[in-house]
Amino acid sequence: MFLKLMYMLFSLFKCSKEEIRINIAITIDLDRDCPMPVQGVKHAVSDILIPDFNGETDAVFDCTVQGLKRTLELLKDFGIKATFFIEARTLLFLREHNGELVKPLLKNEIGCHGMNHEDLTGEITGVRIDYNQQFKIVEEATQTIKSILKVEPKGFRAPYLKANTSTIKALTKLGYLYDSSNMLKTIEPPFPYRINDGQINIIEVPIPVYPRNSGKMTLYTWALFEKQRNVDEYKKIINAYKKNDKGGLLQISFHPWHLAYLIKEKRVLKEEEIEENVNDLKKVFTQLNENCNKIFTISEYLNEIEI
Ligand SMILES: [Zn+2]
């Protein structure tokens with residue numbers, strides 16, 4: 001008891017002395033194994049299936065299941081909540097085959113990430129999806145998530161981060177509070193903003209992209225798991241955001257399947273390689289958890305600010 005009290009006092013002292021603390025949301029796109037767009041096909045196809053894709057088998061979930069198990073363990077170990085944007089098709093799979101992974105999702109915020117990982121804009125698949133179709137897709141996805149998890153998603157992230165005016169209009173009509181599909185080049189954690197125009201009234205929560213001499217860097221851990229950037233580069237960017245912070249929200253994002261799949265070699269990873277990725281993610285989480293930073297869900301953050 002005494003030790004616990006001392007620890008609490010120490011934490012308080014440490015937090016009040018710490019000047020810079022930032023708002024952080026860990027956002028997780030929960031979808032099938034490496035979903036990729038295919039020309040002429042409305043929905044995604046798992047990368048590993050593309051060479052033999054004949055229009056039928058389009059999704060596998062082995063890496064998603066493995067990665068999700070590790071992700072949920074990490075969140076539990078760190079005692080933090082994330083925002084999950086869920087592809088409804090993946091949730092249907094999990095309910096059928098890995099029911100034990102469904103309930104722990106509810107400790108986090110539940111958002112929506114399409115029904116069947118559609119390219120809603122048709123920009124990459126070449127398949128145009130008009131407003132009515134987009135509305136139906138998002139409505140079905142929302143209903144599926146709601147019927148399985150018994151919670152209403154308030155936030156949406158478009159597959160491939162591809163959303164257009166019809167998407168935002170459909171989200172408004174379906175009662176969504178916010179969208180988070182927009183990348184924003186910025187050196188400070190960005191503030192959400194409201195889009196209010198005719199039939200559109202929704203908050204946009206931008207995904208920050210840090211401008212660098214050599215180009216730019218997102219805080220999607222994509223490049224970390226593809227071994228194109230190391231943990232130190234992520235730490236540097238997080239520190240830079242911390243220095244420039246004015247109270248916005250820093251999002252760190254990833255896909256569970258990526259812990260177990262290497263795109264550049266189109267292969268499922270071995271156990272020890274997965275372990276290495278989990279350890280790298282742990283290092284990023286450790287840095288985020290330092291200095292009394294506030295890690296919460298997007299909805300919790302939006303509740304605390306005025307827009
Ligand atoms: Zn996705």
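How many residues does the largest nonpolar core have, and which residues have the most contacts inside it? The structure on display is a predicted model, and the tour begins with that question.

**Stop 1: the nonpolar core**

Select I24, F84 and I86. These are the residues with the most contacts inside the largest nonpolar core, which has 61 residues. Next, colour strand β1, residues 23–30; this strand gives the most to the core, contributing five residues.

Now centre the view on I86 and display its surroundings. With neighbours within four places in sequence left aside, I86 is in contact with L30, L91, I110, G111, C112, H113 and I145. Keep L91 and I145 visible, as both names return at the next stop.

**Stop 2: helices α3 and α4**

Select helix α3, residues 88–97, together with α4; their axes come within 9 Å and cross at roughly 30 degrees. Angles under 35 degrees count as roughly parallel, and α3 and α4 are therefore roughly parallel to each other. Their crossing is left-handed.

To see the contact itself, show the side chains of A88, L91, L92 and R95 in α3, which meet A141, T144, I145 and I148 in α4. By class, this contact of α3 with α4 comprises six nonpolar residues, one polar residue and one charged residue.

**Stop 3: helices α4 and α5**

Keep α4 (residues 131–149) selected and add helix α5 (residues 165–173). The axes of these two helices come within 9 Å and cross at roughly 50 degrees. That angle makes α4 oblique to α5. The crossing of α4 and α5 is right-handed.

On the α4 side, display Y131, Q134, F135 and V138; on the α5 side, display S166, T167, K169, A170, L171 and K173. The contact of α4 with α5 has five nonpolar, three polar and two charged residues.

Within this contact, centre on A170. Is A170 buried or exposed? A residue is buried if 20 or more other C-beta atoms lie within 10 Å of its own; A170 has 24 and is therefore buried. This residue is found in helix α5. Not counting residues up to four places away in sequence, A170 touches Y131, Q134, F135 and V138. A distance drawn between the C-alpha atoms of A170 and V138 spans 7.6 Å, although the two are 32 residues apart in sequence.

**Stop 4: helices α7 and α8**

Move to helix α7, residues 231–243, and helix α8, residues 271–289. How are these two helices oriented to each other? Their axes come within 10 Å and cross at roughly 20 degrees, and α7 and α8 are therefore roughly parallel to each other. The crossing in which α7 passes α8 is right-handed.

Show V231, Y234, K235 and I238 in α7; these meet D280, K283, V284, Q287 and L288 in α8. Sorted by class, the contact of α7 with α8 has five nonpolar, one polar and three charged residues.

Select D280, which is found in helix α8. D280 is partly exposed, having 18 other C-beta atoms within 10 Å. Apart from its neighbours within four places in sequence, D280 is in contact with L224 and V231. Add T221 to the view: D280 and T221 are 59 residues apart in sequence, yet their C-alpha atoms are 9.8 Å apart in space.

**Stop 5: two lysines with positive phi**

Most residues other than glycine have a negative phi. The last two selections depart from that pattern, beginning with K227, which has a positive phi of about 60 degrees although it is not a glycine.

Where is K227 placed? K227 is in the loop between α6 (222–225) and α7. K227 counts as partly exposed, with 13 C-beta neighbours inside 10 Å.

Finally, select K266, whose phi is near 45 degrees, a positive value in a residue other than glycine. K266 lies in the loop between β14 (261–262) and β15 (267–268). Is K266 buried or exposed? A residue counts as exposed if 12 or fewer other C-beta atoms lie within 10 Å of its own. K266 has 12 such atoms and is therefore exposed.

Notes:
Residues numbered from 1 in each chain as written. Predicted model: local features only at pLDDT ≥ 70, side-chain atom pairs only at ≥ 80, totals over all residues. Axes fitted to C-alpha atoms, helices over the stretch in contact; angles between N-to-C directions. Helix = DSSP H or I, 4+ residues; strand = E, 2+ residues; numbered from the N terminus. Parallel < 35°, antiparallel > 145°, perpendicular 65-115°, else oblique. Left-handed = near helix turned anticlockwise from the far one by under 90°. Contact = placed C-beta atoms within 7 Å. Nonpolar A, V, L, I, M, F, W, Y, C, P; charged D, E, K, R; others polar. Core = buried A, V, L, I, M, F, W, Y, C linked by C-beta atoms within 7 Å.
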